[in-house]
Amino acid sequence: MTIQLLLFHSQSGDLRYRHGKYFGEKIGLYFAWLGLYTSFLIPSSVIGVIVFLYGCATIEEDIPSREMCDQQNAFIMCPLCDKSCDYWNLSSACGTARASHLFDNPATVFFSIFMALWATMFLENWKRLQMRLGYFWDLTGIEEEEEHSRPEYETKVREKMLKESNKSAVQKLQTNTTESGNEDDEDKLTWKDRFPGYLMNFASILFM
C-alpha cells in the first residue's frame, strides 16, 4: 500500500510536499527503488519456479543421479579419512545427487543468461525512474554528498606530515580542523605508503 501510494503521488509531484517534509527525498527514492525492485522480482521468480519444476520433471532422466541411486551396481568408495573412516557405498549419496539436480540442471544455464539480462534491464529502468522522479520532485539541484576519507587514512596522513614537518602536534591539529574540507595534493599518501596494502590485497586475491 505504501509503495502504491508513493508511485501514485510521483505522477503528480505531490509526494514531495506531503511526505517529503516528514521523511525526506532520500526515503522517498528508497521506496521508489524498492517498488521497482519488487516488481522486477516477479518475472525472475516465475522463471526460477519453471526451472525448479523442470528439474523435478527430469530427475528420473538424469544419468549421474540415476547411477548413484542404483542399488544393483553398489559402487564401493574409498574412505574419506585415513584412520577412523570406513569404505562407503556410493548409493548413500543418492539423496544429495537428486537434490542437486533440482537446482543444477540444463535449464539453469538459460536462467543465468536471463538473470544477466534482468540485472541490466533493472539498472537501466532504475536510472530512468530516478531521473523522472528527480524532475517531478525538483531534485536536480541537489548535489551528491562527497565521500569523506576514512579515519585510518587521515591518521596516516597526519602522522606522515608530522614526521616531515617541524610543526608541533597542537599546531598540526589546528590546521587540520580549519582546513578539513580542503585537502591539498600534499595531504595524500605516496605509492610507498600504499604498497603494503596493495600487496596484501593482491596476495589475498591470489589465495582465494
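Me: What is the handedness of the disulfide of Cys81 and Cys85?
Reply: Look at the torsion about the S-S bond: for Cys81 and Cys85 it is about 110 degrees. A disulfide here is a pair of cysteine sulfur atoms within 2.5 Å, and this is a predicted model, where local features need pLDDT of at least 70, side-chain atom pairs count only at pLDDT 80 or more, and totals for chains, interfaces and linings use all residues. Residues are numbered from 1 along each chain as its sequence is written, and side-chain values use heavy atoms, with hydrogens and water left out. With that torsion, the disulfide is right-handed.

Me: How many disulfides does the rule give?
Reply: Cys81 and Cys85 are joined, with S to S at 1.7 Å. By the rule, the count is 1 disulfide.

Me: Is Cys78 buried or exposed?
Reply: Buried means under 20% relative accessible area, exposed over 50%, and partly exposed in between (1.4 Å probe, protein chains only). Cys81 at 26% is partly exposed, and so is Cys85 at 31%. Cys56, at 36%, also counts as partly exposed. Cys78 has a relative accessible area of 59%, so it's exposed.

Me: Which helix gives the most to the largest nonpolar core?
Reply: A nonpolar core is a set of buried Ala, Val, Leu, Ile, Met, Phe, Trp, Tyr and Cys residues joined through side-chain atoms within 4.5 Å, and the largest one has 10 residues, including Phe40, Trp118 and Trp137. Helices (H or I, at least four residues) are DSSP runs, numbered from the N terminus. Helix H4 (25-57) and helix H7 (107-136) each supply at least two residues of this core. The one giving the most, with 5 residues, is H7.
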